[in-house]
Amino acid sequence: MKLLEGKTAIITGASRGIGKGIAQVFAAQGANVAFTYSSSSEAALALEKELIDLGVKAKAYQSNAANFEDAQTLVKEVLETFGSIDILINNAGITKDNLLMRMKEADFDQVIEVNLKSVFNMVKAVQKTMLKQRKGSIINMSSVVGVKGNAGQTNYAASKAGIIGFSKSVALELGSRNIRSNVVAPGFIETEMTAKLDEKVVEGWRAGIPLKRGGTPEDIANTCVFLASDLSAYITGQVINVDGGMLT
């Protein structure tokens with residue numbers, strides 16, 4: 001029995017990295033997957049085909065979650081194509097790292113808009129559907145940086161900490177309608193982006209993690225499967241650190 005059989009998930013920012021890993025694992029667990037991408041249409045269409053080949057319904061949408069109208073349109077189109085929305089995973093995010101004294105206002109604003117405002121936009125857009133269904137699982141992607149802060153990432157840390165406060169509030173507002181809202185806070189996850197970093201730097205990071213390795217997109221995806229499935233039916237308003245023990 002597949003854990004997400006017959007459920008429909010929207011995953012934002014899924015053409016690569018963690019989002020792609022979540023989409024792949026969700027499809028393998030029987031979920032129909034609607035996912036968004038911003039610019040890499042080739043990668044998105046390749047993923048769409050890969051998911052369909054797993055025997056589920058899947059569709060890639062070029063959509064900007066940071067835009068309120070885009071989010072409304074996306075949800076309308078997903079409902080027309082898939083018929084329901086059982087799971088929302090807000091994964092879209094960017095970084096524009098710099099020390100506070102060097103950070104431009106635009107770099108602060110853009111990170112807040114893409115990382116935090118997108119979560120408001122998407123939850124607002126799916127809320128009506130989930131209320132009508134009287135069920136739903138919302139999973140918002142934060143970061144260990146949102147839990148403990150990080151020098152050179154005031155904008156990113158603020159956006160990811162904001163996601164935690166927002167998600168806990170949604171859990172309180174929508175719990176009576178059987179809609180759950182949880183947060184996943186990944187630690188150091190090895191993706192295409194980290195592969196470009198200096199190997200010595202990466203080795204240093206791994207050494208500082210109790211499990212002595214970076215995480216994989218699949219590690220995050222498996223936690224999302226649990227939170228999206230009925231196995232976690234009594235869990236809401238929680239932050240799960242998936243970080244190999246970094247914050248221990």
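**Entry 1: β1 and its neighbour**

I began with the pairing of β1 and β2. Four bridges join these two strands, which run parallel. The model is predicted, so I read every value below as computed from that prediction. I looked up one bridge: Ile-10 has Ala-34 in β2 as its partner. Next I checked where the β1 side chains go. Thr-8 and Ile-10 point one way, Ala-9 and Ile-11 the other way. All four are buried.

**Entry 2: the whole sheet**

I then traced the strand order. The sheet is open and has seven strands, in the order β3-β2-β1-β4-β5-β6-β7, with parallel pairing. β3 (58-62) and β7 stand at the edges. Each has a single partner strand, so one side of each lacks a neighbour in the sheet. From one strand to the next the twist averages 15 degrees.

At the β3 edge I followed the pairing. β2 (residues 32-37) and β3 pair in the parallel sense over five bridges. Tyr-37 has Gln-62 of β3 as its bridge partner.

**Entry 3: helix α1**

Which strands does α1 lie across? I found β1 (8-11), β2, β4, β5 and β6. The helix runs at about 170 degrees to β1.

I checked its length as well. Twelve residues at 1.5 Å a residue should span 16 Å. The end C-alpha atoms of α1 are 17 Å apart, which agrees.

Burial came next. Nine of the 12 residues of α1 are buried, so the helix is largely enclosed by the rest of the structure. The buried residues are Gly-17, Ile-18, Gly-19, Gly-21, Ile-22, Ala-23, Val-25, Phe-26 and Ala-27. Just after α1, I noted that Gly-30 takes a positive phi of about 95 degrees.

**Entry 4: helix α2**

I looked at α2 (residues 41-52) in the same notebook session. This helix lies across β2 and β3. Its direction is about 175 degrees to β2.

**Entry 5: helix α8**

I repeated the length check on α8 (residues 217-228). Its 12 residues should span 16 Å at 1.5 Å a residue. The end C-alpha atoms are 16 Å apart, which agrees.

I listed the buried residues of α8: Pro-217, Ile-220, Ala-221, Thr-223, Cys-224, Val-225, Leu-227 and Ala-228. What covers them? I found that the cover includes α1 (17-28), β4 (87-90), β5 (136-141), β6 (179-186) and β7 (239-242). Helix α1 is thus among the elements over the buried residues of α8.

**Entry 6: two residues of α4**

Ser-118 or Lys-132: which is buried and which exposed? I placed Ser-118 in helix α4, and Lys-132 lies in helix α4 as well. Ser-118 has a relative accessible area of 3%, under the 20% cut-off, so it is buried. Lys-132 reaches 71%, over the 50% cut-off, so it counts as exposed.

I then listed the contacts of Ser-118, leaving out residues up to four places away in sequence. Ser-118 touches Ala-65, Ala-66, Asn-90, Ala-92 and Glu-113.

For Lys-132 I took one distance. Its C-alpha atom is separated by 18 Å from that of Thr-81, 51 residues apart along the chain.

**Entry 7: a pocket**

Last, I looked up the second largest pocket. Its volume is about 190 Å³. The lining is Gln-72, Val-75, Lys-76, Leu-79, Ala-125, Lys-128, Thr-129 and Lys-132. α3 (68-82) and α4 (105-133) are the elements that give two or more residues to this lining. Lys-132, exposed in the previous entry, is one of the lining residues.

Conventions: Residues are numbered from 1 along each chain as its sequence is written. This is a predicted model: local features need pLDDT of at least 70, side-chain atom pairs count only at pLDDT 80 or more; totals for chains, interfaces and linings use all residues. Side-chain values use heavy atoms; hydrogens and water are left out. The expected span of a helix is 1.5 Å times one less than its number of residues. Buried means under 20% relative accessible area, exposed over 50%, partly exposed in between (1.4 Å probe, protein chains only). Contact means heavy atoms within 4.5 Å. Two strands pair if DSSP finds at least two bridges between them. Axes are lines fitted to C-alpha atoms, for helices over the stretch in contact, and angles run from 0 to 180 degrees between N-to-C directions. On a 1 Å grid over the protein atoms alone, a cavity is a set of points where a 1.4 Å probe fits but cannot get out, and a pocket is an open set with protein on both sides within 12 Å along at least five of seven lines; lining residues have an atom within 4 Å of a point. Grid points are joined across faces, edges and corners, and a volume is the space filled by probe spheres set on the points.
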